[in-house]
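Q: Before the features are discussed, may the sequence and the model be shown together?

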Amino acid sequence: MPLDLPANPEGFRNPDGGSFPMGTPIPKQRKSIFYRPGNYFFTVPPKVHSLLVEGTGAGAGGGSTTSAATGAQGGGGGCSCRGTISVVPGAILEIEVGGGGAGGTGNGSGADGGETFIFAVNREHRGADVLLNGGTGGDRDGSGEGDGGGFDDIDSASGLKVFKGGDGGIGGTNGPTNGANGGAVDMWLGGHGGDVGGGGGGGATLYGPGGDGGDEDEAGDNADDAWSQCTGAGGGGAGRDSAMTGLGGGDGEDGFMRLTWDE
């Protein structure tokens, strides 16, 4: 049964706070989300000349350790973005979604996160290209920081804003220091550093926080333990290992790419 709606002399409200005149078709918003690591192809729909792009490179794994003195460092978060790009109707875009880096095992560093990108297959449409680097794996000795992927940038012509991933925090030492927190990005904090010789926290992205570093004699947390979606955040580093048997770092989170447009 059709709904009997009251007349609206101003027309329907649009998201920008204005109104559409009566009889004006209301744009329909469509989305395509790519959240599993792999390679995809997307054809720009007819009459679509811009896409809202939201995405991130993958997070890196946190470092592991067999050291009784020092926690391992957290993995860096992936480079992330949000904004519009110009496209050509009918253009074919190749999309790659990066996989999260595995946490270190034994006494090894975490693996780097994979890159996420959009490349126009036809060279004439290359204005649509977007590259989001993954984070760098956390080091096993905890002395450095797992670098976040990419760098801050903005394309003023398109409005695409790119955010560098948060760096993984350094590991703490036995007695004097805790592990450092991972680097924050916009509203999201990095993972918490572990207590008393704990591992460093994983780096955040625009879309979520990093995994926490392990406390003394604890493994680092996976980035997806901290949040429930693909965020590209870094895994936490392992805490110092008093038994010297080997504590693992947390895994980095997969990247993703989301495209939104009006029809």
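A: The model shown here is predicted. A convenient starting point is Gly 202, which lies in the loop between S9 and S10.

Q: Is Gly 202 buried or exposed?

A: Burial is read from the relative accessible area, with under 20% as the limit for a buried residue. Gly 202 has a relative accessible area of 0%, and therefore it is buried.

Q: What does Gly 202 touch, beyond residues up to four places away in sequence?

A: With those residues not counted, Gly 202 touches Gly 74, Gly 75, Gly 168, Gly 182, Gly 190, Gly 191, Gly 210, Gly 211, Gly 234, Gly 235 and Gly 236. As for distance in space, the C-alpha atoms of Gly 202 and Asp 221 are 8.7 Å apart, while the two residues are 19 residues apart in sequence.

Q: What is the secondary structure of the protein chain?

A: The protein chain has 10 strands and zero helices. Along the sequence, the pattern reads β-β-β-β-β-β-β-β-β-β. Of the contacts with a separation of 6 or more, 65% are between residues 24 or more positions apart.

Q: How many of the 263 residues are buried, as a percentage, and what is the accessible surface of the protein chain?

A: Buried residues account for 48% of the 263 residues. The accessible surface is about 12,200 Å², and carbon and sulfur atoms contribute 51% of that surface.

Q: Which residues have the most contacts inside the largest nonpolar core?

A: A nonpolar core is traced by following side-chain atoms within 4.5 Å from one buried nonpolar residue to another. The largest such core has 24 residues, and Phe 42, Leu 51, Val 53, Leu 93 and Leu 259 have the most contacts inside it. At least two residues of this core come from each of strand S3 (50-56), strand S4 (80-86), strand S5 (92-97), strand S6 (116-120), strand S7 (130-132), S9 and S10. Another core, of six residues, lies apart from the largest one and includes Val 185, Leu 206, Tyr 207 and Cys 230.

Q: With what is Phe 42 in contact, leaving aside its neighbours within four places in sequence?

A: Phe 42 is in contact with Ser 32, Phe 34, Leu 51, Ala 91, Ile 92, Leu 93, Ile 95, Leu 259 and Trp 261.

Q: How many aromatic pairs does the structure hold?

A: Two quantities describe a pair of aromatic rings: the distance of the centres and the angle of the planes. The structure holds four aromatic pairs. One of them, formed by Phe 117 and Phe 119, is stacked, at 4.4 Å centre to centre with 20° between the planes. Phe 117 is buried at a relative accessible area of 9%, whereas Phe 119, at 30%, counts as partly exposed. Another pair, Tyr 207 and Phe 256, is edge-to-face, with 5.0 Å between centres and 80° between the planes. Tyr 207 lies in the loop between strand S9 (160-163) and strand S10 (256-262), and Phe 256 lies in strand S10, so this pair ties together parts that are 49 residues apart in sequence. Both partners count as buried, Tyr 207 at 10% relative accessibility and Phe 256 at 5%.

Q: Why do Cys 79 and Cys 81 form no disulfide?

A: A disulfide requires two cysteine sulfur atoms within 2.5 Å. The closest cysteine sulfur to that of Cys 79 is in Cys 81, 7.3 Å away, which is too far for a bond. Cys 79 is buried at 2% relative accessibility, and Cys 81 is buried with a relative accessible area of 0%. The count for the structure is zero disulfides.

Note on methods: Residues are numbered from 1 along each chain as its sequence is written. This is a predicted model: local features need pLDDT of at least 70, side-chain atom pairs count only at pLDDT 80 or more; totals for chains, interfaces and linings use all residues. Side-chain values use heavy atoms; hydrogens and water are left out. Rings of Phe, Tyr and Trp (its six-membered ring) pair if their centres lie within 6.5 Å; planes under 30 degrees apart count as stacked, over 60 as edge-to-face and the rest as tilted. Buried means under 20% relative accessible area, exposed over 50%, partly exposed in between (1.4 Å probe, protein chains only). Helices (H or I, at least four residues) and strands (E, at least two) are DSSP runs, numbered from the N terminus. Contact means heavy atoms within 4.5 Å. Accessible areas come from the Shrake-Rupley method with a 1.4 Å probe; for residues, only the protein chains shown count as cover.
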